[in-house]
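Subject: Structure handover

Hi,

Here is the structure I promised to pass on. My notes are underneath, so have a look and then read on.

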Amino acid sequence: PALLVSAALALALSLVLPFAIHMTFIAPYQVVIERVDVPIDKNRAGEQPVKIVVLADIQTTSIGAYEEEVLSKVNALEPDLILIAGDVLQNYSNPGAYTRHLPAMQGWLNRLESKHGVYYVRGDVDAEAERLVEGVDMTFLKDQKTEPLRIKDRVITIGGVELTYWKPPAKQLVRQLEEAPGEEDIRIVLAHRPGVVEMSMPTDARKSRVDLVVTGHTHGGQVSIPFFGPPITMSVLPRHIAAGGLHAHHGRRVYVSRGVGMERDLAPRMRLNCHPEITLLTLR
């Protein structure tokens with residue numbers, strides 16, 4: 001019996017170990033480019049497509065070969081805009097490491113190439129967001145909206161929502177985007193947490209003036225079970241939406257990114273059936 005038990009354990013280990021190695025050391029770095037067309041209301045001015053790269057949950061502890069690969073792939077897409085949906089540099093348990101790696105992260109952000117700018121909102125690991133953006137050529141939106149951006153023959157307004165999307169400043173920002181007069185500009189809400197769709201939008205979606213909501217946070221669950229999806233998403237949105245991609249929710253378009261990185265402190269460092277992504281949204 002002891003020999004049979006040993007043999008069974010050896011067999012189980014031989015099957016599980018390669019699987020575990022793949023989830024931990026291979027899958028989290030198999031980044032893909034998700035190319036998604038986003039239809040735009042015919043009332044908006046212009047006809048030319050606009051390319052927007054979305055980066056969410058980079059959530060690295062340092063800049064290495066993987067982050068350089070991501071940077072190269074982003075710049076090769078030649079985006080008109082880059083939107084960063086929070087969670088950039090993570091070091092929960094080692095503040096000293098954060099300080100050491102911050103200059104490299106800032107340099108990485110400065111090497112992102114976008115014809116009309118890089119726009120960023122705070123994520124859960126971005127407690128030092130103000131420090132992160134020092135000397136970085138990107139716009140940090142804190143419950144603020146941009147002036148209308150002229151991109152090709154389009155006009156785009158971006159509203160960046162803070163983590164506390166349920167508080168008055170965030171709600172006021174979204175209300176401004178909803179109620180400001182005019183039909184010509186494309187209006188985008190950028191937030192880290194997808195719950196902004198539930199808490200800060202008008203009840204009657206048919207009257208919504210926001211064309212697209214872009215978020216991250218969920219990492220797609222990091223683990224996705226076939227025919228079921230992610231067991232955990234840490235989001236109030238329905239699981240199939242929080243799993244990632246472009247969806248209509250209460251009649252509104254929302255894109256949830258699966259993220260570039262992974263959780264590195266409060267959850268296992270792994271991905272399964274849930275590739276990290278760079279997103280290319282094309283507004284048409």
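To start with a side chain: the backbone oxygen of alanine 85 lies 2.7 Å from a polar atom of the side chain of histidine 192. That histidine 192 side chain also makes a polar contact (N or O atoms within 3.5 Å, one able to donate a hydrogen and the other to accept it; residues adjacent in sequence count only if both atoms are side-chain atoms) with the side chain of aspartate 87, at 3.4 Å.

Before I go on, this is a predicted model, where local features need pLDDT of at least 70, side-chain atom pairs count only at pLDDT 80 or more, and totals for chains, interfaces and linings use all residues. Residues are numbered from 1 along each chain as its sequence is written, and side-chain values use heavy atoms, with hydrogens and water left out.

Histidine 192 sits in the loop between β9 and α6 (196-199) (helices are DSSP runs of H or I with at least four residues, strands runs of E with at least two, numbered from the N terminus). Histidine 192 is buried, at 1% relative accessible area (buried is under 20%, exposed over 50%, partly exposed in between, with a 1.4 Å probe and protein chains only). Its C-alpha is 6.7 Å from that of valine 121, 71 residues away along the chain.

Then there's α5 (residues 168-179), with twelve residues. Its buried residues are Ala170, Leu173, Val174, Leu177 and Glu178. They cover an arc of only 140 degrees around the axis (taken from the directions from the axis to the C-beta atoms), which puts them on the same side of α5. Exposed Pro168 and Glu179 are on the face turned away from that buried side.

Cheers

How values were computed:
The expected span of a helix is 1.5 Å times one less than its number of residues.
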